[in-house]
Amino acid sequence: MNLRKLAAAAVLALSGTMLAATPAYAANLAGNPGFEDGLTGWTCPGTTSGATTVSSPVHGGSKALQATPVGNDTARCQQTVSVKPSSTYTLSGWVRGGYVFLGVTGTGTTDQSTWTSSPAAYSQLTRTFTTGASTNSVTIYVNSWYGQGAYQADDIVLDGPPPHGIPARPIIQKVTNTPSSATLDWTDSEWATSYNVYRDGVKAVTTTTSNYTDVGQPAGPHVYEVTAVNAAGESGKSDPVTVIFGNDTPQVPAAPTGLTGTGSVTTATLKWNASEGATSYNVYRDNAKVGSATTTTYAESPQPGSHDYQVTAVNSVGESARSATVSVTVGNDTPPPPGTPTGLAATVNGGTVTLSWNPGSGSVTGYNVYRGNTKVGTTTTRSFSETLPAGTYAYRVSAFNPVGESSKSGEVSVTVGDSPPPRNKVLVGYLHASFANGSGYVRMADVPKEWNFINLSFGEPTSVTSGDIRFVRCPVAECPSVESDADFIAAIKAKQAQGKKVLISIGGQNGQVQLTTTAARDKFVESVSAIIDKYGLDGLDVDFEGHSLYLNAGDTNLASPTTPVVVNLISALKTLKAKYGANFVLTMAPETFFVQLGYQFYGPGASGSADPRAGSYLPVIHALRNDLTLLHVQDYNSGPITGLDNQYHTMGNADFHVAMTDMLLAGFPIAGNPNNVFPALRPEQVAIGLPAAQYAGNGYTSVAEVQKAFDCLSKGTNCGSYKPKGVYRGLRGLMTWSINWDKYNNFEFSRNHRAYLDALS
């Protein structure tokens, strides 16, 4: 929920004495860890980040890495390192800048990452991980976040057992040359992390691939050798090969490779790989030349039917042999209209009806919306809203493209009543029940009357994967005024008699919970039930942070997740709901990284290189949406997030809260996939999450800006540059970290916002 050691850290900083940790370089497996050799050994795959080395600011030595995120490029730099299977390693590094991430992928177990924001000074990040039984290498990386400025990284350390011994020497298998270049291909050496290429006895280059092209050497013979390298050392040199540069006799280019073809109703389109030395290409259809091109693409409109195509490469010397043949069919029958939309659903908020649906098959240009037999709208998205007087209405939807319109979907009926007054607005606050956090202890009996939901912070696991949750009340040494269990329970009952809801909040910053097994799931249900029963609580708040939730590769379907930590959590929460019945209160407090970031990224992505935690709360929220009392995403401690307007929004102002809340109440396609949509939640299920004071968390928002955001969302007035998709009169209220920090800040949050919400109600 927040940095629990914030106050303690502030005291240390004021004391003026800081101890800097020294990296354990004796065991360091990372190459060029301090970037003293520039970017040697590191790859920075982004094309716009301008990764380089700088001489200031540095943490150690004379150089450090510097890179700047641009657009969708997070300025990642990475290195593949040989490791030993089934072994424990510690990754650490010193970073500086806004939102800098350090992590490792390819571990064979659970990949790890961590981040910090340290704009003025270097901070050390550390993560420990274990390699899988078949893992022989991992990729370590450092990167920033979208919309941030330049970051620096230095002294990257990977400590742990060394990998296997020195790799075997490579064997050069193939040499090809032109008048000005030589290309070497050699065998892969097991356990090698890179290769050194020697020219005439001097190391010319280090590469991580098993091939290298050398260009522009002086005319005459040159001798090449290759060695394999890993953390244990360098192999012996391969047998030498001699290549002669300076043969200026032009050659006929090689035949093109990679020829592919696609056909449409009227057109055949060809693509192929470039041939070195070619100045143009000839295209053959059914063994007859039909055209030429100076690029590696060609399109034409032949007679309908199936045609065989080949391509040759041409230069001043002559024409190459023909490429492989590809068959392309042109003139298929006219495509049909799109399929009928499915899954039509409707929600009513006041007088506003909102429809959503799933697409049918085929190509879709747009959708027609029918109320009764009358078309009332056309849209290119899969949602539609309109405001109507009281009454009962029936809707159907069809899809259309240039060919025609599908049949209408199944019917959905809705009833619009006279607009009811909004439900009473609520304030949700977290009570430090197990620690003080520098803000002072607040007895349960002394919690101010303004709060409707009181979340006891925190229940934490005995270990990350045990599922065994324990709630240990604040010790007298840390909280001298702590009451007895009997007084604590009596105060809970008194609050409940006043209509308050008291919940146990599980997780927080330090309480990482991973339900990786069904045994852990069952222990979670058992231990949480014991806490609820002992203290007579109303329900559960799920505040999983850090690495508690993530998505495995290939787990992309919102409605059918497969990752065990997600599946088991859903099962556990449904079991608790069933056990305690309809009055059981279930709330969730995820960070924006786990929810709204899902609009752009979901899990590790197709390439497996993204953070697997991105959007990982979404399948849990979706599965529990009919049981969920409140979702209050933490609109703080967040990096910039893209809203439904496809613009980045930064925390601390009204627009950020409007944009983040609108995503929950309008719904959004996950990772841009229109066939995998997170549907809108009901407004009464949503509250806005905020820090109670500037020292309670990054992203503090003034009282005026918070109320400006609530006006915009619930009344459609006082909006800034971001305009929400609808007016959400039922928006439920506000959540804050925390009741203790609010008291420390003279009750600014609770008293101002209680009066404001009561006026709305």
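Helices (H or I, at least four residues) and strands (E, at least two) are DSSP runs, numbered from the N terminus. The model is predicted: local features need pLDDT of at least 70, side-chain atom pairs count only at pLDDT 80 or more, and totals for chains, interfaces and linings use all residues. Residues are numbered from 1 along each chain as its sequence is written, and side-chain values use heavy atoms, with hydrogens and water left out.

**Exercise 1. Locate Lys-449 and decide whether Lys-449 is buried or exposed.**

Step 1. Lys-449 sits in the loop that runs between β31 (426-432) and β32 (453-461).

Step 2. The classes are: buried, under 20% relative accessible area; exposed, over 50%; partly exposed, in between (1.4 Å probe, protein chains only).

Step 3. Lys-449 has 64% relative accessibility and therefore counts as exposed.

Step 4. For a distance in space, take Ser-638: 189 residues separate Lys-449 from Ser-638 in sequence, and their C-alpha atoms are 30 Å apart.

**Exercise 2. Check the length of helix α7 and describe its surroundings.**

Step 1. The expected span of a helix is 1.5 Å times one less than its number of residues.

Step 2. Helix α7 (residues 703-715) has 13 residues, so the helix should span 18 Å; the end C-alpha atoms are 17 Å apart, which agrees.

Step 3. Buried in α7 are Val-703, Val-706, Gln-707, Ala-709, Phe-710, Asp-711, Cys-712, Leu-713 and Ser-714.

Step 4. The cover over these residues includes α6 (654-666), β42 (687-691), β43 (733-737) and α9 (748-760).

Step 5. After α7 comes Gly-716, with a positive phi near 75°.

**Exercise 3. Find a salt bridge inside α7 and one inside α3, and explain the spacing of each pair.**

Step 1. A salt bridge is a side-chain nitrogen of Lys or Arg within 4 Å of a carboxyl oxygen of Asp or Glu. The structure holds 18 of them.

Step 2. In α7, Lys-715 and Asp-711 are four residues apart, so about one helical turn separates them. Their side chains form a salt bridge with an N to O distance of 3.3 Å.

Step 3. Lys-715 counts as partly exposed because its relative accessibility is 45%; Asp-711, at 11%, counts as buried.

Step 4. In helix α3 (residues 518-535), Lys-523 and Glu-526 are three residues apart, and therefore about one helical turn separates them. The closest N and O atoms of this salt bridge are 3.3 Å apart. Lys-523 is partly exposed, at 28% relative accessibility.

**Exercise 4. Compare the burial of the two partners in the salt bridge of Arg-470 and Asp-468.**

Step 1. The closest N and O atoms of Arg-470 and Asp-468 are 2.6 Å apart.

Step 2. Arg-470 has 46% relative accessibility and counts as partly exposed, whereas Asp-468 is buried, with a relative accessible area of 10%.

Step 3. Salt bridges can also form a network, as they do for Arg-473, Glu-483, Asp-485 and Lys-534.

**Exercise 5. Give the strand order of two open sheets of three strands.**

Step 1. Two strands pair if DSSP finds at least two bridges between them.

Step 2. One sheet has the order β16-β17-β20 with antiparallel pairing. Its edge strands, each paired on one side only, are β16 (260-263) and β20 (297-300).

Step 3. Four bridges connect β16 with β17 (residues 268-271); Gly-263 has Ala-268 in β17 as bridge partner.

Step 4. The other sheet has the order β23-β24-β27, also with antiparallel pairing. Here β23 (342-349) and β27 (383-387) are the edge strands, each pairing on one side only.

Step 5. Six bridges connect β23 with β24 (residues 352-358); Ala-345 has Ser-356 in β24 as bridge partner.

**Exercise 6. Describe the largest nonpolar core and the contacts of Leu-540.**

Step 1. A nonpolar core is a set of buried Ala, Val, Leu, Ile, Met, Phe, Trp, Tyr and Cys residues joined through side-chain atoms within 4.5 Å.

Step 2. The largest core has 112 residues, of which Met-444, Leu-456, Phe-524, Leu-540, Leu-573 and Met-588 touch the most other members. The greatest contribution to this core, eight residues, is from α6.

Step 3. Contact means heavy atoms within 4.5 Å. Beyond its neighbours within four places in sequence, Leu-540 has contacts including Leu-503, Ile-504, Val-528, Leu-573 and Phe-584.

Step 4. Another core, apart from the largest, has 25 residues, among them Ala-75, Val-81, Val-95 and Phe-129.
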